[in-house]
Amino acid sequence: MAKIVIIGSGIAGLFAALRLADADHSVTVVTKQRPIDSSTNWAQGGIAAILDKTDGKGIESHIEDTLASGDGLCNVDVVRRVIEEAGERIRDLLNIGVNFETDATGRFHLAKEGGHSHRRILHAKDATGKEIERALNDAASAHPQITLKPNTLAMDLIQREHGNPEAGVAGVWCLDQEKNVVFTEPADILMLATGGVGQLWSQTTNPPVATGDGLAMAYRAGADVQDMAFIQFHPTALALHSDRPFLITEAVRGEGGVILDDDGLETWHADCETAGVGKTISPGPYSFTLKHSPLGSMATRDIVARAIDQRLKQTGKNHVYLVTSHLDQEHLKNHFPTIQKRLDRHGLVLGRDALPVSPAAHYIVGGLAVDEFGRPRSRTSGEPIPALYAIGEVACTGMHGANRLASNSLLEAVVYAARAADHILATPLSTNETALSEWRADGLEHLTEHVSVANDREALTKTMSREVGIVRRFNRLHRAKRRLNLLSQEVDFIWRSALPSREIVELRNLILVGELVTKDALSRNENKGLHFNSDLAVDEEP
């Protein structure tokens, strides 16, 4: 029986934990807050899947849509294998207890989102992630082989040989945030399922825990990264000064919602009045997004987000509008109760009011470069780092290419969680006999409380938002690089003499990830998917 430590409690981490625990391994799940405080829990849209393996046309269509969204950079073999495996993983989720929405006949109700040519997205109304997290958390909490450690912050990976990634990892140093003490957590196998990096930007749909911890820890331990420049900004986050950004799922547009700017909204309203009572005019032809794609509001996220970003810069406005007043109000309220509950705070109603929306950082397509089993590669040798796995948003598998197709992320997470777990189960394991040192065992008594780093974090998020956002330029990227370097030096100075805290650990990780994103963006000489540098496309400059 191996001791397996999984850092992160979203769909990837908990699915892998259950699979490994069912095989009688001892699994410890370390999570920074509560298990429900993951990006999975915040996911509204759903999970894209073709359930029938004999549905060749459906599978090929899903593959084609994924490749088109990825803009030529997807790993075709990975895409095919993940999509072909979808049906089995959905059945696993159903067996664990996930309840997807069905229609009156008992068939799954399938939604459609931007970039999808057909309805193929399973969902639980507009709280799919919450339902998946509920079922997985219930199962994990009840499993005798799984130990959950909430309010525990992973700080750094422990190498079997210091400075030698090829020797593998042996555990992780963690901060018990309740007792405020650092402890050593040994592991025969360590799996990173730490999610994304949305907190790098001022406006994000991600939860507070999305600070790139797994990415940063693995990079410091010698792991390689890939495609870090590809950051997906969700086009339609509710944009109100009195509230944080709140994702308005793409499925609203799948049901007929349309994105309009002020001019389009005014003209549409005027034409509706001219047409007279009882006559419905579709707002679709009035959308400025049609200038960027014939799919208009249903184009892929990169196109729609850039279209909105360009329009906001041209008009000086803070938001555009998501219009649904031409749709059936009761139908929308029934399908999107979570969204309506949030809108209730502000007196807004689906099917009646134009919703103010703007893009917000949502998903990192790049991440740790992993193989087909989710094993991160060493930067020095290119070989898998022994005893280390990475699954979910923290990993870059090649599935998404330059731009993730909506609702493919939960699918990829559960497929790679199963692959990583199955690879561990199929591989002879040797228990780790390495004697692990305590964290900073030679200098703990000299550490002091650090000064507040709130201003440094604000400077970081402002820099990333202004200089490394939806549309980039080389001079802005170089400016970001210089500022991030200064911040890195300052925080490193504090880190070397400070008692650990969540505040300083997260900032240290965010700065490193910001440097990696900026470095990759600077290295690219063409625009692909989510990376758009206006210096490389003068004729298209937003």
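Here is a short chat about reading strands, a pocket and a cavity in this predicted model.

Q: What kind of model is this, and how are its residues numbered?
A: It's a predicted model, where local features need pLDDT of at least 70, side-chain atom pairs count only at pLDDT 80 or more, and totals for chains, interfaces and linings use all residues. Residues are numbered from 1 along each chain as its sequence is written, and side-chain values use heavy atoms, with hydrogens and water left out.

Q: Is strand 1 mostly covered or mostly uncovered?
A: Strands are DSSP runs of E, at least two residues, and helices are runs of H or I, at least four, numbered from the N terminus. A residue is buried under 20% relative accessible area (1.4 Å probe, protein chains only). Here, strand 1 covers residues 3–7, and 4 of its 5 residues are buried.

Q: Which strands does strand 1 pair with?
A: Two strands pair if DSSP finds at least two bridges between them. Strand 1 runs parallel to strand 2 (residues 26–30), with 5 bridges, and Lys-3 sits opposite Ser-26 there. Strand 1 also runs parallel to strand 10 (residues 189–192), joined by 4 bridges; Ile-4 has Ile-189 as its bridge partner.

Q: What do strand 1, helix 1 and strand 2 make together?
A: With the strands pointing away from you, a right-handed crossover runs clockwise from the first strand over the helix to the second. These three, with helix 1 at residues 11–22, make a right-handed β-α-β unit.

Q: Why is one side of strand 3 and of strand 4 left without a neighbour in the sheet?
A: Their open sheet has 3 antiparallel strands in the order 3-5-4. Strand 3 (47–48) and strand 4 (110–111) stand at the edges with a single partner strand each, so one side of each has no neighbour in the sheet.

Q: What is the volume of the second largest cavity, and which residues line it?
A: On a 1 Å grid over the protein atoms alone, a cavity is a set of points where a 1.4 Å probe fits but can't get out; lining residues have an atom within 4 Å of a point. Grid points are joined across faces, edges and corners, and a volume is the space filled by probe spheres set on them. This cavity has about 40 Å³, and its lining includes Ile-231, Phe-233, Asp-302 and Leu-530. Helix 10 gives the largest share of that lining, 3 residues.

Note on methods:
Buried means under 20% relative accessible area, exposed over 50%, partly exposed in between (1.4 Å probe, protein chains only). On a 1 Å grid over the protein atoms alone, a cavity is a set of points where a 1.4 Å probe fits but cannot get out, and a pocket is an open set with protein on both sides within 12 Å along at least five of seven lines; lining residues have an atom within 4 Å of a point.
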